[in-house]
Amino acid sequence: MSIQEPDIQRLTLERTASNSSSVLSLKHGYIDSPFSGKKDQYEQVLDILDSTGFIPESLIESEARWFYESLGIDDVFFARESPEGIAGHIHSLYSCKVQAYSGDGADFPLIQYKREADDHGVFFDSSDVSTSMYKNQFEERIDDKYIDPSSSDSISYRVEYFSAPLNYKTDPILSGVFQNNKTLRDQLMRCYFVYKNQYDHLDVSADETDINKIGDSTFLKIASANTKQLYADIVKNVVTTTGPVIRHFPIEDSEEYRVVIGYRQKTSARYNSALSDLANYYKLQTTRKYVEQFANGVTIISMYVTSKQKKLPVDLSIYQVIKEASLLYCIPHNFFHDRFTKGELSLQESIYAQSGVIFVTHFLNRLGPEYTKLATLLDASKSLQNAEVLNSLKKRLRAETYTQNFIQEVFDQRRDIVRKLYRQFADVHYIRSSMEKTLSYQRLSQITPVGTEEEFEQLLSRECSQNEHHAVVLRALFVFNKSILKTNFYTSTKVALSFRLDPSFLPSSEYPEKPYGMFFVVGSDFRGFHIRFRDIARGGIRIVRSRNLDAYNVNLRNLFDENYNLANTQQRKNKDIPEGGSKGVILLDAGAAQERPKACFEKYVDALIDLLLKQHIPGVKDSYVDLYNKPEILFLGPDEGTAGYTDWATLHARSRGAPWWKSFLTGKSPQIGGIPHDEYGMTTLSVRAYVNKIYEKLNIDNSKIRKFQTGGPDGDLGSNEIKLSRDEQYVGIVDGSGVIADPNGLDKQELLRLAHERKMIDHFDKSKLSKDGYIVLVDDVDVTLPNGHVVTSGVAFRNTFHLKLKEQYPDGVDLFVPCGGRPAAIDTNNVQELINEKTGKSIVPYFVEGANLFITQAAKLVLEQAGIVIFKDASTNKGGVTSSSLEVLASLAFDDEGFLANMCVDSKTHQKPLFYQEYVKNVQKIVVANAENEFEALWKLKEETGISFTELSDKLSVAINKLGDELANSKELWNDDVDFRNAVLLDSLPPLLLEVVGIDSVLTRVPEAYLRAIFATHLASRFVYTRGIDSNPAKFLEFISSTRKEYVKKGLLKH
């Protein structure tokens, strides 16, 4: 397809009588000013058509006129296109019409034609305005190829769309087709023009809002002043918020409305085509549409719509489109989108159904009563083999019974029942206004609700009597409805769907410890959960990425269990701090979402905030039904893949008006009062305390230690472990890029360089390896190692290297410190790889689990029986949460002015306040002290009882948490003895904080529930660390008496 340089400079603002479309375009906010060369171009096109000879001479002028005058195309197209290109389009459209004439005219679409090049595309098709059945394939292609891949740092495209009546009466060929196909009277011609953007200003900031700096040159030429101002306002709103910005208004002297929607690029795939589907569903005809991409990464869609049916008031349909555009943005193409476009499900019903499919996929009890009975017979606590058999059976049952595809098929086949369940959901969570005669409400009122659980069972017995599997799936959807305490589903603006769930539906056979609270989040390109085990709880948010589809399916199956186990581990880990354990997990969808982790994180956080704040801002945030009806605060932190996003989340919470924004996220930058774990090595300090204590107890010379580590110098834990590793000799490291190993020892200075620069081992200087050293990267194939072994796949070698220590290190490894890696990397299926088959002894004598859940509980016990000294994650990896807790404490204790002065970097001098510097040192000391206290308690208990460290760690955590819960709920200790209560708080709070803020301010500003938790945790942890895990009343009374005497000596208590 030929195209010339854009001739838009020949477009003028003057209107002439010969160009009737110009006036219309001005109404639409774009200047279709006459193309001064249009008449000459038209003559050239006629000459080309005549010389080609393809179209009969008698039809040449009518075909050209039809193209120029009947399709509603703006002059911008003619100014940009060459006469040869236009002649080519006319030839192609003529061919389509001749083909339709030679047939019976019943083919649909009657006309369909496209021509594409690297820098532009042209698409024509016809559609029946009276039906909603036809799926517009061109728009999806334009989304996939042009709009969605556009970005501020690469190529981007703008799109213009026009539609006009087919005008069959004035066309000799189409009038002939009409004789066989009377539907032509209702058909439209739809024209799409795609153009590559040209920006005058490159490398603009994502926060830039000057429309003249970020606009495409064609847009700046053809857009009216009113449109530029409107778009500038929308861009400013998009830059300062999350999610779509939606505006609408009627067109003067017209039956049309203009709907304008702005949003960030790459945040909602196929949103453009989905908006057309939404308009079509509500019987609106899109007459024109413009998609503009700006250099700062903002997309604006401007669509002009009118009613297809004159009897239907257009304002009701417009109201629905505006109301549902935000819901559509959350999930533009849901699992049941085809049912939506055919009118069989509404948008709300289809997106509710998708949310239900995801819920049922994760929570349908697929183990059944038979598994529960077998678990009773094979008591896992009495045999590791029994535990592993049950675990393998559980995984297999979950993988091979009710898959997501099967659940989706059931929902599709039983969509009438799904619609009834949607009605039940809406009856609870939809807040009706006084004007509830909306189209969606009219549709909803026609659905019969399911009623009580007994009535629902009667419905299932009637409809699914021959298929119990379908009944099981639908019961799980009924459970979903019953478990929802609040949701943002019906709020007017949102970026992802969030549901606060009551966790009581979780089967105790699979989840013996019931979480306190659960959030379930569904986005267009991710799904996520947040689980907490106490009202006040702390834990990081992790992003789970998948290298390929197989890895994604594994991650999908394990997602909730991984989240549950991480939160449960966090609950045990948080024994020294007032917050209980929590964790959030975000699973990115397979495909393009893997490259958009920050966008998914932002949606997840914003959706959580929706349910933490009860805001009513007309047109922005609506109230929601709150069955929980208690204030909720989540304390989040960084985890795998989210360390760089904590500042954004903190500032976003502030912009949303959250009063708790200072304490919402920890691990943020010092500029906004954070104590970054990686910068100060908080997590590693705790892990290192255990390593150093092992050396001390066993009188080990650390310079003789040969050390292996998973998690490389690019990560928080891995880099700081290298920095703090004293004289240990590294012999191998595994990270995301691959494996580096050298039995003779890796160059320590080179490792330190990588750790300081936070780079993976693929940046290691290979010249510093010995003759026996090697690096194998994940993309390598058929690599021969120095020992002659051939590595066929770098990925497989990386993933299993931690199990090949026997063959890779003939001289052995002394210390294994996992600082990264997937959960359950070592289980009872592979733990034998770390045991010498001849001696039965562990090949690694010392093991400190830095990475969460790296080894299963059963595998740890096997290793301890084989003689290893091993400490589990719940004991070792608690430095980060301790730091985060003290960071939150400071944010709660200071008022805003004090927080900025004492905890935030000075914006002018860029210096950290003196208080901040000293406070960080205090925190580091507390982290090390807590780790050493627990180590000493575990060592002592092991000597006294002979019980494994692995089991003792759990017992110790349970003992502290149990006693802490009892003390937190004790009115006697809290209310009746205020002097002792305050003495405990004075003893537990950092002295520096008390010195600057004062105990009275702390007591006033910090929420009472949080103070209770500080009080209870401090007493409980001190008791268990000094008196052991047996908390009988006599021993506890003696401890309280001793503590009182200690406080009197310190001057914290008078008597």
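How many salt bridges are there between domain 1 and domain 2? The count is three, and one salt bridge in this structure joins Arg158 to Asp216, with their closest N and O atoms 3.8 Å apart. Please keep in mind as you look around that this is a predicted model.

Let's start with the overall layout. The protein chain is divided into the domains listed here, and two of them are built from a pair of separate segments, as the residue ranges show.

| Domain | Residues |
|---|---|
| domain 1 | 22-134 + 157-196 |
| domain 2 | 199-333 |
| domain 3 | 355-456 + 483-667 |
| domain 4 | 680-877 |
| domain 5 | 947-1050 |

Now to the place where domain 1 meets domain 2. Their C-alpha centres lie 25 Å apart, and the contact draws on 23 residues from domain 1 and 25 residues from domain 2. Between them, the two domains bury about 2,100 Å², and carbon and sulfur atoms account for 49% of that area.

Polar links are found here too: 10 residue pairs are in polar contact between domain 1 and domain 2, counting pairs with both residues at pLDDT 80 or more. On the side of domain 1 that touches domain 2, the elements giving two or more residues are the helices α1 (21-27) and α4 (75-80) and the strands β3 (157-165) and β4 (187-196). Of these, β3 gives the most, with seven residues. Sorted by class, this side of domain 1 has 10 nonpolar residues, seven polar ones and six charged ones.

Technical notes:
Residues numbered from 1 in each chain as written. Predicted model: local features only at pLDDT ≥ 70, side-chain atom pairs only at ≥ 80, totals over all residues. Heavy atoms only, no water. Domains from an automatic or database assignment. Contact = heavy atoms within 4.5 Å. Buried area = accessible area lost by both parts, 1.4 Å probe. Salt bridge = Lys/Arg side-chain N within 4 Å of Asp/Glu carboxyl O. Polar contact = N/O pair within 3.5 Å; in protein donor to acceptor, adjacent residues only side chain to side chain. Helix = DSSP H or I, 4+ residues; strand = E, 2+ residues; numbered from the N terminus. Nonpolar A, V, L, I, M, F, W, Y, C, P; charged D, E, K, R; others polar.
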